[in-house]
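Work through the exercises below with the sequence and the model side by side. Each task sentence is followed by a solution that goes step by step.

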Amino acid sequence: MLNKVAKIITLLSASAVFLSCTIQKPAAPERSITVNGKASVQVKADMVSLNFLVRTKDWNVNKASDRNAEISNKVIEAIKTAGVSSDDISTANYNISQDLSNTFPGQYTVINNIKVLIRNTAITGNVIDGAVVAGANGLTGFTYLAEEDTSALRQARTQAIQNAQDAANLLAGASGAKVGTVLEITEGYSTVSQPKLASTIASNSVATPIVEGTVTVESNVTVRYSLE
């Protein structure tokens, strides 16, 4: 009797072990395709951003600072006279330094960086000329801008996605597959100022020629699609 019970227990244990050892089929790897799409939209520039420098030097820091303030005020007034609103003129940076490249301290240099936003590109040459005559001795920034940047970016994004979709369909079709759903999208975009003519600081007797430029908005997307 005991032998019979032992045999039954052994059989039940073996069955339990057999039932607990299920074999799982490995999941099929996800089929996907990753493509890039790029597009750009060009719009006419309707604004210009300028950065003027007023740089003064002196052995006395107070004299260098006072002289800089005097010239900077004249430059700002000249920019206003040329047609720029005071709301579009600001100080981008102000710096005082001393030349320490030699064994003894050198002169002090004071730099006032005046940022100007011109909303009427036709007056750009007059603004530059007026600032230079008033005492500005540097122009470190010249950038075209466009108020339609947002609309242009929307168009560029739409075209970039369409280009990515076209590329995915072409590659998938050539390999006998179909493009499924979007799994992932990453994007980078930029705005590039493209002047038609580089500006130059002119002498007092010659007007500075400025030709309106364009602004190019670019969108570059990377899209991963599932494959069917």
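**Exercise 1.** Find the element that holds Asn51, and decide whether Asn51 is buried or exposed.

Solution. Begin with the secondary structure, where helices (H or I, at least four residues) and strands (E, at least two) are DSSP runs numbered from the N terminus; on this basis Asn51 belongs to strand S2. Next comes the relative accessible area, for which buried means under 20%, exposed over 50%, and partly exposed in between, with a 1.4 Å probe and protein chains only. Asn51 has a value of 18%, so Asn51 is buried. The last step is to list its contacts, a contact being heavy atoms within 4.5 Å: leaving out residues up to four places away in sequence, Asn51 touches Ala92, Asn113, Ile114, Lys115, Gly138, Leu139, Thr140 and Gly141.

Before going on, note that this is a predicted model, in which local features need pLDDT of at least 70 and side-chain atom pairs count only at pLDDT 80 or more, while totals for chains, interfaces and linings use all residues. Residues are numbered from 1 along each chain as its sequence is written, and side-chain values use heavy atoms, with hydrogens and water left out.

**Exercise 2.** Describe the overall pattern of helices and strands, and state what share of the residues is buried.

Solution. The protein has four helices and seven strands, and along the sequence they follow the pattern α-β-β-α-β-β-α-β-α-β-β. Of its 228 residues, 32% count as buried. Turning to contacts between residues at least 6 apart in sequence, 83% of them join residues at least 24 apart.

**Exercise 3.** Identify the residues that touch the most other members of the largest nonpolar core, and the elements that contribute to this core.

Solution. A nonpolar core is a set of buried Ala, Val, Leu, Ile, Met, Phe, Trp, Tyr and Cys residues joined through side-chain atoms within 4.5 Å. The largest such core has 31 residues, among which Phe52, Val75, Ile79 and Val127 touch the most other members. The elements giving two or more residues to this core include strand S1 (32–44), strand S2 (47–58), helix H2 (61–81) and helix H3 (124–134), and H3 supplies the largest share, five residues. To follow one member outward, take Val75: apart from its neighbours within four places in sequence, Val75 is in contact with Val54, Ile114, Ala131, Ala134, Gly135 and Ala136. A second, separate core has 13 residues, including Val35, Ala39, Ala168 and Ala177.

**Exercise 4.** Establish how many residues of H3 are buried, and what covers them.

Solution. Eight of the eleven residues of H3 are buried, and the helix is thus mostly covered. These residues are Thr124, Gly125, Val127, Ile128, Asp129, Ala131, Val132 and Ala134, and their cover includes S2, H2, S4 and strand S5 (138–145). Looking at Thr124 in particular, its relative accessible area is 0%, and a polar atom of its side chain lies 2.8 Å from the backbone oxygen of Thr121. After H3 comes Gly135, which has a positive phi, near 130 degrees.

**Exercise 5.** Locate three salt bridges, and work out where the partners of each sit in the chain.

Solution. Side chains of opposite charge can pair when their charged atoms come close. A salt bridge here is a side-chain nitrogen of Lys or Arg within 4 Å of a carboxyl oxygen of Asp or Glu, and the structure holds six of them.

- Glu70 and Arg67 form a salt bridge, at 3.4 Å from N to O; because they are three residues apart in helix H2, about one helical turn separates them. Arg67, Glu70 and Lys74 are linked in a network of salt bridges.
- Asp88 and Arg119 meet at 3.0 Å, N to O, with Asp88 in the loop between H2 and S3 and Arg119 in the loop between S4 and H3, so that the pair links distant parts of the chain, 31 residues apart. Asp88 counts as buried because its relative accessibility is 14%.
- Glu184 pairs with Arg224, their closest N and O atoms being 3.7 Å apart; since Glu184 lies in strand S6 and Arg224 in strand S7, this salt bridge ties together parts that are 40 residues apart in sequence. Glu184 is partly exposed at 41%, and Arg224 is partly exposed at 25%.

Terms used:
A polar contact is a pair of N or O atoms within 3.5 Å; within protein, one must be able to donate a hydrogen and the other to accept it, and residues adjacent in sequence count only if both atoms are side-chain atoms.
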